[in-house]
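This report walks through the structure shown below, moving from a single glycine to helix packing, nonpolar cores and cysteines.

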Amino acid sequence: MDDIWMKLYESAKRVQNYREVSNYVSAGSVSAAVLSSSGKIYVGVCIDTCSTLGICAERNAIFNMITNGENEIKRVLAIMGSEKCGAPCGACRELMVQLMPDKYKDVEVMLDFENDIVKTLGELTPDWWI
């Protein structure tokens with residue numbers, strides 16, 4: 001495993017911090033880090049609400065990246081509440097595809113940090129619906 005995956009994992013782990021924000025909102029059960037094409041790492045946590053107003057950690061990290069003027073993702077890593085890594089959900093995959101329709105298949109996704117299993121978004125999402 002290369003150092004970049006270690007940095008992504010450490011960055012996501014640093015912000016995870018599960019907490020109840022209110023009776024209706026919790027945050028941090030999942031955290032994510034994305035590596036942009038510039039080499040900068042952006043992080044985010046999931047925010048769960050009692051309605052559909054929440055956001056996944058991966059999309060939160062991507063929105064952080066976009067807010068900071070970047071729009072190309074190289075790598076994605078998400079840490080679940082179990083401290084295991086996992087694949088982005090369909091909504092997160094869809095955002096990445098729409099953001100980078102000509103390059104999304106090359107985005108690397110960490111599926112299993114302990115066993116160094118990485119797949120491309122193209123392998124996880126081979127055929128886009130559009």
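In this predicted model, Gly44 touches Val15, Val30, Ser31, Ala32, Ala57, Asn60 and Ala61, leaving aside residues up to four places away in sequence. Gly44 lies in strand E3 and, with a relative accessible area of 7%, is buried. One of the residues it touches, Asn60, is 16 residues from Gly44 in sequence, yet the two C-alpha atoms are 4.8 Å apart in space.

Asn60 falls within the span of helix H2, residues 57–67, which packs with helix H3, residues 90–99, at an angle of about 25° and with the axes 9 Å apart. Because angles under 35 degrees count as roughly parallel, H2 is described as roughly parallel to H3. From H2, the contact is made by Glu58, Arg59, Ile62, Phe63, Met65 and Ile66, and from H3 by Ala91, Cys92, Leu95, Met96 and Leu99. Sorted by class, this contact holds 9 nonpolar and 2 charged residues, with no polar residue.

In soluble globular proteins, nonpolar side chains tend to be buried together. Here, the largest nonpolar core has 18 residues, of which Val34, Ile73, Met96 and Val107 touch the most other members. At least two residues of this core come from each of strand E2 (25–36), strand E3 (41–49), H2, strand E4 (73–79) and H3, and the largest share, 4 residues, is supplied by H2. Looking more closely at Val107, and again not counting residues up to four places away in sequence, its contacts are Ile73, Lys74, Arg75, Val76, Met96, Met100, Lys119, Thr120 and Leu121. A second core, separate from the other and made up of 11 residues, includes Leu8, Leu35, Leu77 and Cys85.

How many disulfides does a search of the whole structure find? The search finds 0, and two of the cysteines are set out here with the nearest cysteine sulfur to each.

| Cysteine | Nearest cysteine sulfur | Distance |
|---|---|---|
| Cys50 | Cys46 | 15 Å |
| Cys89 | Cys56 | 3.7 Å |

For Cys89, the sulfur of Cys56 is 3.7 Å away, whereas a disulfide requires cysteine sulfur atoms within 2.5 Å, and Cys89 is therefore in no disulfide. Cys50 is likewise in no disulfide. As for accessibility, Cys50 counts as exposed at 62% relative accessibility, while Cys89, with a relative accessible area of 32%, is partly exposed.

Note on methods: Residues are numbered from 1 along each chain as its sequence is written. This is a predicted model: local features need pLDDT of at least 70, side-chain atom pairs count only at pLDDT 80 or more; totals for chains, interfaces and linings use all residues. Side-chain values use heavy atoms; hydrogens and water are left out. Axes are lines fitted to C-alpha atoms, for helices over the stretch in contact, and angles run from 0 to 180 degrees between N-to-C directions. Angles under 35 degrees count as roughly parallel, over 145 as roughly antiparallel, 65 to 115 as roughly perpendicular and the rest as oblique. Contact means heavy atoms within 4.5 Å. Ala, Val, Leu, Ile, Met, Phe, Trp, Tyr, Cys and Pro count as nonpolar, Asp, Glu, Lys and Arg as charged, and the others, Gly among them, as polar. A nonpolar core is a set of buried Ala, Val, Leu, Ile, Met, Phe, Trp, Tyr and Cys residues joined through side-chain atoms within 4.5 Å. Buried means under 20% relative accessible area, exposed over 50%, partly exposed in between (1.4 Å probe, protein chains only).
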